[in-house]
Amino acid sequence: MEFINLKAQYNAYKSEIDDAIAAVLSSGQFIMGKEVEALENALANYVSAKYAISCSSGTDALLIALLAIGVGAGDEVITPAFTFAATAEAIALIGAKPVFTDVKERDANIDPKLIERAITPKTKAIIPVSLYGNCADFDEIERVASDRKIAVIEDGCQSFGAIYKGKKSGALSDIGTTSFFPSKPLGCYGDGGAIFTSDKNLAKKIEQIRNHGQEGRYEHTAIGLNGRLDALQAAILNVKLKHFDDELQTRRKLASGYNAAFDESKRIFYDQNGVAAQYTIRVKNRDKVVETLTKLGVPSAVHYPKPLHIQKAFSYLGYKEGDLPISEKLSNEVLSLPFSAFLTQEEQEKVISAVKEATC
Ligand SMILES: *Cc1c(COP(=O)(O)O)cnc(C)c1O
């Protein structure tokens with residue numbers, strides 16, 4: 001059994017994907033070009049944002065978003081400690097200070113009440129993460145941020161396709177970001193990402209920063225980077241995006257299947273309108289459970305075993321163990337189960353009975 005069955009997905013769309021790749025190879029256009037343009041239009045349309053700017057990864061999407069807003073040295077950016085390192089890395093790389101807050105135990109997303117307490121005059125932005133494909137509580141976050149003129153950037157690297165109160169992930173705040181890393185809900189065959197906004201000025205800055213700060217060829221009016229998406233990845237995404245809603249339906253059905261099997265106290269809460277980037281349960285003696293699952297032929301993974309505030313890379317910030325207890329508790333208990341639109345019913349049943357055996 002595969003943890004995420006990318007091979008089955010490729011086989012399902014093989015002829016379309018092979019044709020799309022061949023067309024790029026014979027076109028000789030490898031960076032930007034018409035596949036990228038088509039993808040950006042399709043993404044903007046899908047998310048209902050005015051602008052979608054593709055880029056080289058989810059990490060670069062966050063970096064470019066922060067640069068576009070003008071976050072820099074001395075600024076503080078509030079973000080959850082229970083996330084992938086990239087969220088805080090982007091903040092630290094540009095010389096700003098990550099301010100970590102704890103998350104809610106139910107869905108592992110940032111706790112808006114704690115954001116309010118973490119705000120100082122130096123707070124320039126908030127990066128909520130829509131973890132595990134469930135959107136963070138953007139109404140509450142916007143309420144805290146908007147009257148203080150603090151920018152909100154969604155880290156939607158796990159939530160492309162999720163819906164929050166009728167709006168799509170990516171279009172929930174000033175800027176939304178996502179990742180097309182192969183194992184994400186919408187993945188390419190390499191690295192890729194996208195940035196969403198409906199603000200014309202921000203969109204222009206984002207586009208410029210993505211391509212070395214150029215405003216016209218070899219006219220550099222800002223400091224930027226090489227953050228472009230290549231045409232092959234765009235062509236692959238153009239194929240996969242067409243099948244994405246069908247996959248989402250299957251993902252939601254599979255998530256409901258897991259929801260029915262595991263008591264809510266023993267798992268992460270999954271929203272009906274989320275995309276279940278991972279399906280994650282909570283167990284007490286995780287090493288033992290993983291050992292039994294492995295013996296029973298069921299792969300699993302831990303997202304994430306150590307929260308960022310106690311990672312060595314962020315030790316300069318001065319946090320210590322015990323500071324963010326829910327993030328620490330979740331890190332000790334979470335375990336992600338095999339999940340993708342290509343997980344079969346039989347495989348899911350096998351996973352469920354293996355988990356029951358391993359946790360009894
Ligand atoms: C995957 C991920 C990223 C980084 O995306 P890349 O495309 O791998 O750079 C950032 N934040 C979260 C929450 C992620 O899951």
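# Reading local and global features

Visitor: In which loop should one look for Ser48?

Guide: Ser48 sits in the loop that joins helix H2 (34-47) to strand E1 (51-55). Please bear in mind that this is a predicted model.

Visitor: Which sign does phi of Ser48 take, and near what value does it lie?

Guide: Phi of Ser48 is positive, near 60°, and the residue is not a glycine.

Visitor: Is Ser48 buried or exposed?

Guide: The general idea is a cut-off: a residue is exposed when its relative accessible area is over 50% and buried when that area is under 20%. Ser48 has a relative accessible area of 58%, so it counts as exposed.

Visitor: What is phi of Tyr132, and where does this residue lie?

Guide: Tyr132 likewise has a positive phi near 60° in a residue other than glycine. It belongs to the loop between strand E4 (123-126) and helix H6 (138-146).

Visitor: Is Tyr132 buried or exposed?

Guide: The relative accessible area of Tyr132 is 0%, and therefore the residue is buried. The two loop residues thus carry a positive phi near 60°, while Ser48 is exposed and Tyr132 is buried.

Visitor: How should one read a residue within a strand, and what does Thr79 touch?

Guide: One may take element, burial and contacts in turn. Thr79 is part of strand E2, residues 76-80. Its relative accessibility is 0%, so Thr79 is classed as buried. Leaving aside residues up to four places away in sequence, Thr79 touches Thr87, Ile91, Val99, Phe100, Thr101, Ile110, Ile127 and Val129.

Visitor: Which peptide bond is cis, and what is its omega?

Guide: The bond from His303 to Tyr304 is cis, and its omega is near 10°. Tyr304 is placed in the loop between H9 and H10.

Visitor: Where is Ala301 found, and which residues does it touch?

Guide: Ala301 is also in a loop, the one running between helix H9 (286-295) and helix H10 (325-333). Apart from residues up to four places away in sequence, its contacts are Phe3, Leu335 and Ser336. For Leu335, the C-alpha to C-alpha distance from Ala301 is 5.9 Å, although 34 residues separate the two in sequence.

Visitor: What share of the contacts joins residues 24 or more positions apart?

Guide: Among contacts with a separation of 6 or more in the protein chain, 70% link residues 24 or more positions apart. The chain contains 11 helices and 11 strands, and 54% of its 360 residues count as buried.

Visitor: Why does the radius of gyration of the protein chain agree with that of a compact globule?

Guide: A compact globule of 360 residues would have a radius of gyration near 21 Å, and the protein chain has 20 Å, so the two agree. The C-alpha trace spans about 65 × 55 × 35 Å along its principal axes.

Visitor: Into which domains is the protein chain divided?

Guide: Domain 1 covers 6-237 and domain 2 covers 244-359. Their contact takes 37 residues from domain 1 and 38 residues from domain 2. The C-alpha centres of these domains lie 23 Å apart.

Visitor: What do the surface and the charges of the protein chain show?

Guide: About 15,700 Å² of the protein chain is exposed, with 51% of that area supplied by carbon and sulfur atoms. There are 42 positive and 46 negative side chains, and the centres of the two sets are 2 Å apart.

Note on methods:
Residues are numbered from 1 along each chain as its sequence is written. This is a predicted model: local features need pLDDT of at least 70, side-chain atom pairs count only at pLDDT 80 or more; totals for chains, interfaces and linings use all residues. Side-chain values use heavy atoms; hydrogens and water are left out. Helices (H or I, at least four residues) and strands (E, at least two) are DSSP runs, numbered from the N terminus. The radius of gyration is taken over C-alpha atoms; the globule rule is 2.2 Å times the number of residues to the power 0.38. Buried means under 20% relative accessible area, exposed over 50%, partly exposed in between (1.4 Å probe, protein chains only). Contact means heavy atoms within 4.5 Å. Accessible areas come from the Shrake-Rupley method with a 1.4 Å probe; for residues, only the protein chains shown count as cover. Lys and Arg count as positive and Asp and Glu as negative; His and the chain ends are not counted. The place of a charge is taken as NZ of Lys, CZ of Arg, CG of Asp or CD of Glu. Domain bounds come from an automatic or database domain assignment.
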